[in-house]
Amino acid sequence: MMSLENKLVDLTVAIEIENFLSGKSDGAALFQQLYGATAGEPIPERLLAVVREQCDPAPATDAAPAPKPALGAALS
């Protein structure tokens, strides 16, 4: 048998899920309820390395920038 406290927690989570799915919230409260203190733990360095590898910008090239068209070329 569920206690009243457990029912209230379940109801609160259900409301937060509904609010998130309907766009009424950004999901921060839901995330906090679901993950609690683990949300504050540091991200493992191996996972950060994977993310950084996927997010690195393309290396800069030494190619000269494309020339800007002259004003007269647009009029002709």
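The following paragraphs lead through the predicted model of this protein chain, from its overall architecture to individual residues.

The protein chain comprises 76 residues. Its secondary structure consists of four helices, with zero strands, and the order along the sequence is accordingly written α-α-α-α. Confidence in the prediction varies along the chain. The mean pLDDT for the protein chain is 80, and 71% of the residues reach a score of at least 70. Helix H1 has the highest confidence, at 90, whereas helix H4, which covers residues 71-75, has the lowest, with a mean of 55.

With respect to solvent, buried residues account for 7% of the chain. The accessible surface amounts to about 7,100 Å², and 64% of that area is supplied by carbon and sulfur atoms.

Helix H1, spanning residues 4-21, is a suitable place to begin the closer inspection. One part of the surface here is a nonpolar patch made up of Leu 4, Leu 8, Leu 11 and Ile 15, which together offer about 400 Å² of accessible area. Ile 15 belongs to helix H1 and is partly exposed, its relative accessibility being 40%. This value allows Ile 15 to be part of the patch, because patch residues must have over 30% relative accessible area.

Val 9 is also located in helix H1. At a relative accessibility of 45%, Val 9 is partly exposed. A separation of 24 residues in sequence lies between Val 9 and Gln 33, yet their C-alpha atoms are 9.0 Å apart in space.

Gln 33 appears again in the surroundings of Glu 16, a further residue of helix H1. Apart from neighbours within four places in sequence, Glu 16 is in contact with Ser 25, Ala 29, Leu 30 and Gln 33. Glu 16 is a buried residue and takes part in no salt bridge. The nearest side chain of opposite charge belongs to Lys 24, at a distance of 11 Å. A salt bridge requires the relevant nitrogen and oxygen atoms to be within 4 Å, so this pair does not qualify.

Ser 25, one of the contacts of Glu 16, is situated in the loop between H1 and helix H2, the latter covering 28-35. Its relative accessibility of 24% makes Ser 25 partly exposed. When residues up to four places away in sequence are disregarded, Ser 25 touches Glu 16, Asn 19 and Phe 20.

The charged side chains merit a final consideration. Side chains of opposite charge can pair when their charged atoms come close. The structure contains one salt bridge, formed between the side chains of Glu 45 and Arg 52 with an N to O distance of 3.0 Å. The pair qualifies because this distance falls within the 4 Å limit for a salt bridge. Glu 45 is exposed, with 52% relative accessible area, while Arg 52 is partly exposed, at 46% relative accessibility. The two residues fall into separate classes because exposed denotes over 50% relative accessible area. Glu 16, by contrast, is buried and has no salt bridge.

Conventions: Residues numbered from 1 in each chain as written. Heavy atoms only, no water. Buried < 20%, exposed > 50% of the residue type's maximum accessible area, 1.4 Å probe, protein only. Patch = residues over 30% accessible without salt bridge, like charges linked within 9 Å, V, L, I, M, F, W, Y side chains within 5 Å. Areas by Shrake-Rupley, 256 points an atom, 1.4 Å probe, with all protein chains shown as cover. Helix = DSSP H or I, 4+ residues; strand = E, 2+ residues; numbered from the N terminus. pLDDT = per-residue confidence, 0-100. Lys, Arg positive; Asp, Glu negative; His and termini not counted. Contact = heavy atoms within 4.5 Å.
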